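Subject: Structure for your files

Hello,

The structure we talked about is below, and my notes on it follow. Please keep it open while you read.

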Amino acid sequence: MPASTWITTAAAVAATAAAGSLATDPSSRWYRRLRKPRWQPPPSAFPLVWTPVYALVAVAGARTLERSRGDERAAFARAYALNLALNAGWTALFFRARRPATALAEIAVLNVSNLLLLRRAARTDRVAGLALAPYAAWTVFATALNGAVVRLNRDR
């Protein structure tokens with residue numbers, strides 16, 4: 001597989017991770033004051049999960065791009081870019097804009113994007129589809145967590 005594809009997907013995912021990391025501030029007064037469900041992992045768990053998940057997203061993207069051609073490749077590339085933009089956008093909406101309800105609507109769109117991306121990848125390369133499964137699962141968990149925060153903080 002050409003190094004350029006790996007470099008491209010790794011750079012795109014790294015940019016997404018960096019944007020999310022820069023926007024996230026679990027120590028902010030606003031975030032600390034939010035009511036959160038008892039089942040929420042500690043803040044230190046998130047980078048421990050996201051690091052391998054992002055690595056899998058980069059691998060899946062590279063494998064799919066290398067195994068697809070023409071319109072199929074272009075459609076996957078567009079879907080991949082949109083997905084990463086939605087991923088970064090959630091963090092900005094939740095932590096920077098401090099809009100958990102808006103972030104919940106946005107992450108619902110991200111979940112749909114994840115499923116469509118996984119389906120596209122799996123049609124092209126089974127391993128790529130499997131590599132995206134933890135991302136889709138973790139985002140569903142994040143959606144439940146976001147929903148719980150919205151529900152627990154309705155009066156704020």
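R35 is partly exposed, with a relative accessible area of 36%. In these notes, buried means under 20% relative accessible area, exposed means over 50%, and partly exposed is in between, using a 1.4 Å probe and protein chains only. This is a predicted model, in which local features need pLDDT of at least 70 and side-chain atom pairs count only at pLDDT 80 or more, while totals for chains, interfaces and linings use all residues. Residues are numbered from 1 along each chain as its sequence is written, and side-chain values use heavy atoms, with hydrogens and water left out.

Salt bridges

The side chain of R35 meets that of D155 in a salt bridge, at 3.0 Å from N to O. R35 is in the loop between α2 and α3 (45-67) and D155 in the segment after α6 (126-152), so the pair links distant parts of the chain, 120 residues apart. D155 counts as exposed, at 58% relative accessibility. A salt bridge here is a side-chain nitrogen of Lys or Arg within 4 Å of a carboxyl oxygen of Asp or Glu. Helices are DSSP runs (H or I, at least four residues), as are strands (E, at least two), and they are numbered from the N terminus.

How many salt bridges are there in the whole structure? A search finds 3. Another of them pairs D125 with R63, with the closest N and O atoms 2.6 Å apart. This pair also links distant parts of the chain: D125 is in the loop between α5 (100-124) and α6, R63 is in helix α3, and their positions lie 62 residues apart in numbering. Both residues, D125 and R63, are buried; for D125 the relative accessibility is 9%.

D125 also forms a salt bridge with R67, where the closest N and O atoms are 3.3 Å apart. R67 is in helix α3, and the pair is 58 residues apart along the chain. R67 is partly exposed, with a relative accessible area of 38%. R63, R67 and D125 are thus linked in a network of salt bridges.

Positive patch

Which residues gather in a patch of positive charge on the surface? They are R29, R32, R33 and R156. A patch is made of residues with over 30% relative accessible area and no salt bridge, with like charges joined within 9 Å and nonpolar side chains (Val, Leu, Ile, Met, Phe, Trp, Tyr) within 5 Å. Lys and Arg count as positive and Asp and Glu as negative, with His and the chain ends not counted. The place of a charge is taken as NZ of Lys, CZ of Arg, CG of Asp or CD of Glu. Accessible areas come from the Shrake-Rupley method with a 1.4 Å probe, and for residues only the protein chains shown count as cover.

R29 lies in helix α2 (residues 29-33) and is exposed, with a relative accessible area of 57%. R156 is in the segment after α6 and is also exposed, at 55%. The C-alpha atoms of R156 and L34 are separated by 8.7 Å, although these residues are 122 apart along the chain.

Helix α4 and what follows

Helix α4 (residues 70-96) has 27 residues and should span 39 Å at 1.5 Å a residue; its end C-alpha atoms are 38 Å apart, which agrees. The expected span is 1.5 Å times one less than the number of residues in the helix. After α4 comes R98, with a positive phi near 55°, although R98 is not a glycine. R98 is found in the loop between α4 and α5 and is partly exposed, at 41% relative accessibility.

A103 lies in helix α5 and is buried, with a relative accessible area of 0%. Its C-alpha atom is separated by 8.2 Å from that of G89, 14 residues away along the chain.

Regards
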